[in-house]
Amino acid sequence: MATMRTSKRLSPASSARLRQVVIISVICLALYCFLLVPDHSLDSSRATMADNTFSHPHSQPHSSAKKHPPGLLSNRFLTQPQCASAFPGLTKEIDDVVSKGAFTLPRNPHGLGPLVARIRDGNLSILTYARKADLSADMLQHRSATLHQIATALLTAPATEPVPDTVFAFNHEDDPKSHTLSYSRPADPAFNGAAKRFFAIPHFSFWAWPVSTVGSMARAAAAISNVEAHHTWSTKIPKAVWRGTTWFNNARAERLRHDLVNVARGKPWADVEPLAANGSNALAIEDFCAYRYVVYTEGVTYSGRFQYHQRCASVLLSPPVAWMQHTTHLVRPVFSHRLDGVTRSPVSSDASQNAAGHHAKESELVPYPALWVQAAWPTSYDPRTEANMVFVAPDWSDLESTVAWLERHPSIAAGIARRQRELFDGGGYFSPAAEMCYWRAVFRGWNSVAKTDGQGFEDLEEMPWEEFSLKEIHK
């Protein structure tokens, strides 16, 4: 038999208590909305930055880091589905070059140029290579480190997903070469047309970089994490930092590094110095992360310090990147000229030219962004929610103004810095797991489009990697 419920009328005292509860709840909700609203929405720039100023893509799978279970980032044995799930978009560089279609890898009749190697039944052997006598100690280290990476990728390939047999060319010089595995590729589409085949690969430092300020990737990553654990945005040094050699420039960039030192000389917002010949003013790679702003300059082509700076929760400031490494496509830049209030000032000639008493000469502002930049980097991302790096004018004419803008908008600056570290470090794109995933994807992609039959590679004598690693990698 069903029990019927009867409603009871509230007493006057109960009604009064109910009204008090409702009023208190409304007040609490209002306080919550006012006090706990995200910092960036209270930033002074909000009123001056229109909603349509920046790109708002519908889907940005790389805008925030994916949370990984413990142990995954050190697991070198991931399968293709596991790699794709853990690191969305990791292999875009490979996918893009493979989409250009098949090509023939010719044999160099003199055995010069890039190293040529073979993968057969999961084993690595060397076919042609530059002699030790023809390479510097640094080049031997770079070549060795990359071959160690490749050998490790083969050893850790899942049994269900063997790396396909193939013959490949590997270029260990800074300048990328088409139809090879290279450390970078040109960002300018004019230099990466339909006939070009640049297979961007992880930098040799993912194995190790035997210089005192860097060491192994594992050491550097741990040291950077230690620096970040002891800093918040407010405790970081409020300056832009850089160290480097001023003469190490690409011909297209001309005096990029020299001009940086000139622009920043004596400025309170900068800790920018050319590297002393004896290295006395060098910084350990992790110490850059103690600064709020890190200036990145490319060298002859790319710069190997990029992936270390991207581990920092610091704002990376750079002219538009001209050389794409294997994960550079994950950068979400905001262009400085899109930041309301950032201005450019003519850059004066350096003090050395005025030693004879001549007046400083102001150079004309270079076009920014250049046409190639607009083609290579068509999107400026919202600095409040998406950007993880800042592109400045290549003549540094707005560097000071950009640093000042970021200092005036600390919540936005801290967000850009946080998103960078969350993606590249927390997201695991520089992890051993991602590195092995990428290497095996490189060889699958290469094998699907590279044609080597009939080029004479079958006639070459093979040296097993194990033997080569003992005979040909040290001076």
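**Exercise 1.** In this predicted model, find how the axes of helix α9 (residues 399-408) and helix α10 (residues 410-426) are placed relative to each other.

*Solution.* Step 1: the two axes come within 5 Å and cross at roughly 105 degrees. Step 2: angles of 65 to 115 degrees count as roughly perpendicular. Step 3: α9 and α10 are therefore roughly perpendicular to each other. Step 4: on the α9 side, Trp 405, Leu 406, Glu 407 and Arg 408 make the contact, and on the α10 side Pro 410, Ile 412, Ala 413 and Ile 416 do. Step 5: sorted by type, the residues of this contact are six nonpolar, two charged and no polar.

**Exercise 2.** Describe the largest nonpolar core and name the helix that gives the most to this core.

*Solution.* Step 1: the largest nonpolar core holds 87 residues. Step 2: Phe 87, Leu 124, Leu 147, Phe 168 and Leu 181 have the most contacts inside it. Step 3: helix α11 (residues 432-449) gives the most, with eleven residues. Step 4: leaving aside residues up to four places away in sequence, Phe 168 touches residues including Leu 105, Ile 150, Phe 443 and Trp 446. Step 5: a second, separate core has 33 residues, among them Trp 242, Leu 256, Val 392 and Ala 413.

**Exercise 3.** Summarise the protein as a whole by its helices and strands, its buried share and its accessible surface.

*Solution.* Step 1: count twelve helices and 16 strands. Step 2: of the 475 residues, 49% are buried. Step 3: the accessible surface is about 23000 Å², and carbon and sulfur atoms hold 57% of that surface.

Definitions and conventions. Residues numbered from 1 in each chain as written. Predicted model: local features only at pLDDT ≥ 70, side-chain atom pairs only at ≥ 80, totals over all residues. Heavy atoms only, no water. Axes fitted to C-alpha atoms, helices over the stretch in contact; angles between N-to-C directions. Helix = DSSP H or I, 4+ residues; strand = E, 2+ residues; numbered from the N terminus. Parallel < 35°, antiparallel > 145°, perpendicular 65-115°, else oblique. Contact = heavy atoms within 4.5 Å. Nonpolar A, V, L, I, M, F, W, Y, C, P; charged D, E, K, R; others polar. Core = buried A, V, L, I, M, F, W, Y, C linked by side-chain atoms within 4.5 Å. Buried < 20%, exposed > 50% of the residue type's maximum accessible area, 1.4 Å probe, protein only. Areas by Shrake-Rupley, 256 points an atom, 1.4 Å probe, with all protein chains shown as cover.
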